[in-house]
Each structure stands twice: as structure tokens, then as C-alpha cells.
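Reader: Please take a close look at one part of this model, the place where the two chains meet. I would like one connected account rather than a list.

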Amino acid sequence: METRLLSDYAETTLFPALMDSTAFPEPDRVWRDFKIAMADTTAVFWIIVPTVERQERRLPSPEVATGPSKTSILPQTLDVTEDREEGLAMLEIAAEAGDETAFVQAASAIDWSQRSAADFARTVRLALAAGAHLMARKLANQGHWLYADHEELAKMARILAPPRVVSANLPPDPSVRANLEWIRAHAAEYRGLWVALKEGVLLASASTARELRDQLPTTAGLFLTRVI
Amino acid sequence: MVLQFADGRPFATGASPYRDQLSSDRAETPRILVAVWIGDSQTQAVVDTGGVYLVCDPEIPDLLDLNPSASLGVATLLIRGYEYVGYLHRLTIALLAEEGESLELEVTAFIPRLDPGQEWRFPSLLGLQGCLEFLRFAVDPGTNVFYFGPL
């Protein structure tokens, strides 16, 4: 029996460099005792050390903090009788736990030059579940490069591609200030509603975006927002 | 050119006013709420440098006529303690300049799909990865101006 030590994955604390409101998904799962996963006919067996069986979520008070920190712990010991999926089982575990760091480490240990298009597509989906968004982009791109005719990988690579400047010389819009000023002045009055503005003038309001659109002959060029 | 390096190269080519408060925010936490084009209409979104993607209000698709088949599977994001499931799309947006030049971008957008009874209590968010990551930007909190420009 081969034993892999996963101590690198334990007690990993992530602090986003510039924290604000969005963070990656985090697990609610509490690891307990043993877990068995089946990959085809091959059993993969993990032994979970009871003393590290905790998953913490430390959410900030919205009144005082701008973003979450998270602490996650994955199993410290992995006993593998035979992993026929050559590392993908580890990715499944990390994705299920929502552990971005463990996912990236496990994905980085795999030789992707020999993997199938289906493996790439599956792993991109797992990366998104794990919150490993950069790894998802990297694998989508690499998979598309290796399998240019694979439709799903092509879509993944296109949607996850780095942002691209389409045009850097569009004319300014002098109505920007007027619309934002209207929101500031009337927020209390219209809070929770959708409003349509044009150059700082209210055209319509409604409870939902769909109702707002139905009131207007066109929404093109208008400032449309929920007042928050 | 709105802001420039000492050697004259442009740093930011557009400048836009921003709101610094959400009306519903009792803690009066400072925000950077800017105007953006999404599709063929404008809306407002908070600059969120700790976030990923452009996170849209879940009702935005009702205004955009998005093609569901062009989206990417199911993704999950934790947004200020709340977990949301949704779809990823590729959208074209524009940061609106009051002075200088507006900037059109192709970005990755997350569209939340709310479960029955689930609430959405945030503005749209302009995250770093997948959205603002290759722009230069700066903030003047003295005049509430957001500066931006391409790399």
C-alpha cells in the first residue's frame, strides 16, 4: 500500500490580497473518520486523522469587515491502494471540500500533456467548484490548445479567457454624473425598486427588471439599475 | 490622457465619478460604485478588488437576452458569506468616462441563479480576476473620481 502524506494541505489559511465582498466557495463538510470513493472498480481509501477534523468558516461582520478569511483543513494522510484515475480523485476531494489551495497543488502535480480532453473538461468544472478560478482558466486554455476541435473546451477557454480590451477610445458620456446623482438623491424613496433613467431623469420604475423592461419601448441607451 | 507617468506615458485615459455609499448600507462603509455599460444599456456596479469576474444582479439577464447555451455550466461563488450558484458568460461591458475615453472590455461574468426563497442583496460587482485584472486604475476619494486605462 502506498502512503502519501498530505501534510502540506493542513492548516492552510488564505487571505485574499485585497479583500472585499466576494470569495471563493467554502465547504460545510466536516471530515469524519473514513471516507471511501469508488473509481471504476478500484477503491480509493482515505484515512482521516481525527484530530484535524474541522472546517472553519470565519465570516466577517458586515459592519466592520470587507471580506472573509478562510481556514481549511484537508486530510493529512491519504492511503491509496491504486488510483487508476491518476490524481483526479484527489481533485474531486479538494473540489468537494472547496479547498482551492489543495486543488491547485493536486492539479499542479499532474502531467497534463498526456490527459484526455474529457479529463481537462472535467477538471475545469471541478476547479470552478473548488474556487480555483485561475487554474480553471489555465486548464481550459491548455486543453483547448491540445484539443482544438473539442467543443466544450473551446467554450470553456473562451468564457474563462483573461479580460480583453475591445476598444480604448470610446467617447466620454457626460450623463454619467447625472444618473449617479439621481440615484444618490432618490435612493431612500426608490430603495429595492428597478429604475430607468436617461440623463438624470426618471423614466420608469418597477419591482423587477422584467416589469421595468415591459414599461419601456426600448431599454437601449438607458441607465437601468436596482436601487440599493 | 487623464493621468500620466512622469515620462509622459498614459496611466489612465478615462475618469468617471463614483458614488461612495450604498443607500442600504447602515454602516456607511465606503464603496466605489461606478457606471458601466452591459449590453446596450447602462447600470451601476461596485469595484470589488477581492472578487472574481463581473458578478451581475440576477435580474440583469432579463434585460440582456442572454443565450443560455452560450454559458458555461454551473459555478459557485461565496459572496459576503452567501453561497450563490450560477452560470458563467462572456460579456462585453464598457467603463464609462465622464472625462477622457470610455473603455470597452470583454470579461467573464457570473450570473447567479437564485433558489426559491433565496435573496439577492448586493449591487453588481466588478471583480479583479476575469474583469479588471489587466487595467490600470486609481481612485481619488477626495473628489470621488475613478481613473482607468488599458495596460
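**The contact between chain B and chain A**

Author: Leaving aside its neighbours within four places in sequence, B:Asp57 is in contact with A:Trp194, A:Arg226, B:Trp120, B:Phe122 and B:Ser124. The model is a predicted one, and B:Asp57 is a convenient place to enter it, with residues of chain A and of chain B among its contacts. B:Asp57 lies in a loop of chain B, between strand S6 (54-55) and helix H1 (61-64). Is B:Asp57 buried or exposed? B:Asp57 counts as buried because its relative accessibility is 3%, and the limit for buried is under 20%. Its side chain makes a polar contact of 2.8 Å with the side chain of A:Arg226.

A:Trp194, another residue in contact with B:Asp57, is found in strand S10 (residues 194-198) of chain A. A:Trp194 is buried too, because its relative accessible area is 1%, again under the 20% limit. The side chain of A:Trp194 is joined to that of B:Glu59 by a polar contact of 3.4 Å. Within its own chain, A:Trp194 is 103 residues from A:Leu91 in sequence, and the two C-alpha atoms are 42 Å apart in space.

From these residues the account widens to the whole interface. Chain B brings 70 residues to the contact and chain A brings 58 residues. The area buried between the two chains is about 5,900 Å², and carbon and sulfur atoms give 54% of that area. Polar contacts between chain B and chain A come to 29 residue pairs, counting pairs with both residues at pLDDT 80 or more. On the side of chain B that touches chain A, strand S5 (residues 41-52) of chain B supplies the largest share, 10 residues. That side of chain B divides into 32 nonpolar, 21 polar and 17 charged residues.

The rule for salt bridges finds 6 across the interface of chain B and chain A. One of them joins B:Glu106 to A:Arg164, with the closest N and O atoms 3.0 Å apart. Backbone pairing also crosses between the chains: strand S9 (residues 164-170) of chain A and strand S10 (residues 102-112) of chain B run antiparallel and are joined by 4 bridges. In this pairing A:Val165 stands opposite B:Leu105 of S10(B).

S10 of chain B appears again in the packing of helix H5 (residues 151-160) of chain A. The buried residues of H5(A) are A:Leu153, A:Met156, A:Ala157, A:Ile159 and A:Leu160. In an α-helix, residues three or four places apart point the same way, because there are 3.6 residues a turn. The buried residues of H5(A) pack against helix H3 (117-130) and helix H4 (133-146) of chain A, and also against strand S7 (72-79), strand S8 (82-95) and S10 of chain B.

Chain A, to which H5(A) belongs, has 7 helices and 12 strands. Of the 228 residues in chain A, 46% are buried. Among contacts in chain A with a separation of 6 or more, 61% come from residues 24 or more positions apart.

On the chain B side, S5(B) deserves its own description. S5(B) is mostly covered, with 11 of its 12 residues buried. Strand S4 (residues 33-38) of chain B runs antiparallel to S5(B), and 6 bridges join them. B:Leu33 has B:Val46 in S5(B) as its bridge partner. The hairpin of S4(B) and S5(B) has 2 residues between the strands, and B:Gly39 takes a positive phi near 65 degrees there. S5(B) also pairs with strand S11 (residues 124-129) of chain B, in the parallel sense and over 5 bridges. Here B:Val46 stands opposite B:Leu125 in S11(B). B:Val46 therefore has a partner in each pairing, B:Leu33 in the one and B:Leu125 in the other.Chain B also contains an open sheet of 4 strands, in the order S9-S3-S13-S12, with antiparallel pairing. Strand S9 (99-100) and strand S12 (135-140) of chain B each have a single partner strand and stand at the edges, so one side of each is left without a neighbour in the sheet. Further in, strand S3 (residues 14-17) and strand S13 (residues 145-150) of chain B pair in the antiparallel sense over 4 bridges. B:Pro17 has B:Val145 in S13(B) as its bridge partner.

Note on methods:
Residues are numbered from 1 along each chain as its sequence is written. Chains are lettered from A and ligands numbered from 1 in the order in which they are written. Side-chain values use heavy atoms; hydrogens and water are left out. Two strands pair if DSSP finds at least two bridges between them. Contact means heavy atoms within 4.5 Å. Buried area is the accessible area (1.4 Å probe) that two parts lose on being put together, summed over both. A salt bridge is a side-chain nitrogen of Lys or Arg within 4 Å of a carboxyl oxygen of Asp or Glu. A polar contact is a pair of N or O atoms within 3.5 Å; within protein, one must be able to donate a hydrogen and the other to accept it, and residues adjacent in sequence count only if both atoms are side-chain atoms. Ala, Val, Leu, Ile, Met, Phe, Trp, Tyr, Cys and Pro count as nonpolar, Asp, Glu, Lys and Arg as charged, and the others, Gly among them, as polar. Buried means under 20% relative accessible area, exposed over 50%, partly exposed in between (1.4 Å probe, protein chains only).
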